[in-house]
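I opened a fresh page for this one and wrote down what I looked up, in the order I looked. Here are my entries.

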Amino acid sequence: MLRLTDATRGSYKKLVLRGDRLVGAILLGDLAAVGDLARALEHDDPLPDHPLHLLTTLGAAR
């Protein structure tokens, strides 16, 4: 499980992982990563070695 909280931006993000697969996610306040996360869930793709970048605005903008 990965969590990222940004109190200054009022956002909370949580990824629930099973091995290298995404099985659930919660995004509150910042939805920039929703597209990448939805694709990972739909296609059951393995996540990258460092999935934390999926929770950041920078990672979602690729």
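**Entry: a lysine inside.** I started with Lys 13, which counts as buried because its relative accessibility is 3%, under the 20% cut-off. This is a predicted model, so I read each value here as a property of the prediction.

What does Lys 13 pair with? I found a salt bridge to Asp 30, with the closest N and O atoms 2.9 Å apart. I then checked where the two partners sit: Lys 13 is in strand S2, while Asp 30 lies in the loop between S3 and H1. They are 17 residues apart, and the pair links distant parts of the chain.

Is Asp 30 buried or exposed? I noted a relative accessible area of 18% for Asp 30, so this partner is buried as well.

**Entry: the other bridges I looked up.** The structure holds four salt bridges, and I followed up two more of them.

Asp 36 pairs with Arg 39, and their closest N and O atoms are 2.7 Å apart. Both belong to helix H1; because they are three residues apart there, about one helical turn separates them. I looked at the cover on each side of this pair. Asp 36 is buried at 15% relative accessible area, whereas Arg 39 is partly exposed at 44%.

Arg 21 bridges to Asp 20, with 3.3 Å between the closest N and O atoms. For this pair I wrote down 28% relative accessible area for Arg 21, which is partly exposed. Asp 20 is also partly exposed, at 39%.

**Entry: the fold.** Next I stepped back to the secondary structure. I counted two helices and three strands. Read from the N terminus, the order is β-β-β-α-α.

**Entry: the nonpolar core.** Which residues make up the largest nonpolar core? I listed nine: Leu 15, Leu 22, Leu 27, Ala 33, Leu 37, Ala 40, Leu 47, Leu 54 and Leu 55. Strand S3 (21–28) and helix H1 (34–43) each give this core at least two residues. I also looked up burial for the whole chain: 29% of the 62 residues count as buried.

**Entry: a nonpolar patch outside.** I then turned to the surface. Met 1, Val 16 and Val 23 make a nonpolar patch there of about 250 Å². I picked out Val 16 for a second look. Val 16 belongs to strand S2, which covers residues 11–18, and is partly exposed with a relative accessible area of 33%. Strand S2 therefore carries both the buried Lys 13 and this patch member.

For the surface as a whole, I noted about 4200 Å² exposed, of which carbon and sulfur atoms supply 56%.

**Entry: overall dimensions.** How does the radius of gyration compare with that of a compact globule? For 62 residues a compact globule would come near 11 Å, and the protein has 11 Å, so the two agree. Along the principal axes, I have the C-alpha trace spanning about 30 × 20 × 20 Å.

My last look was at contacts along the sequence. I took those between residues at least 6 apart, and 30% of them join residues at least 24 apart.

Note on methods
Residues numbered from 1 in each chain as written. Predicted model: local features only at pLDDT ≥ 70, side-chain atom pairs only at ≥ 80, totals over all residues. Heavy atoms only, no water. Patch = residues over 30% accessible without salt bridge, like charges linked within 9 Å, V, L, I, M, F, W, Y side chains within 5 Å. Areas by Shrake-Rupley, 256 points an atom, 1.4 Å probe, with all protein chains shown as cover. Salt bridge = Lys/Arg side-chain N within 4 Å of Asp/Glu carboxyl O. Helix = DSSP H or I, 4+ residues; strand = E, 2+ residues; numbered from the N terminus. Buried < 20%, exposed > 50% of the residue type's maximum accessible area, 1.4 Å probe, protein only. Rg over C-alpha atoms; globule rule 2.2 N^0.38 Å. Contact = heavy atoms within 4.5 Å. Core = buried A, V, L, I, M, F, W, Y, C linked by side-chain atoms within 4.5 Å.
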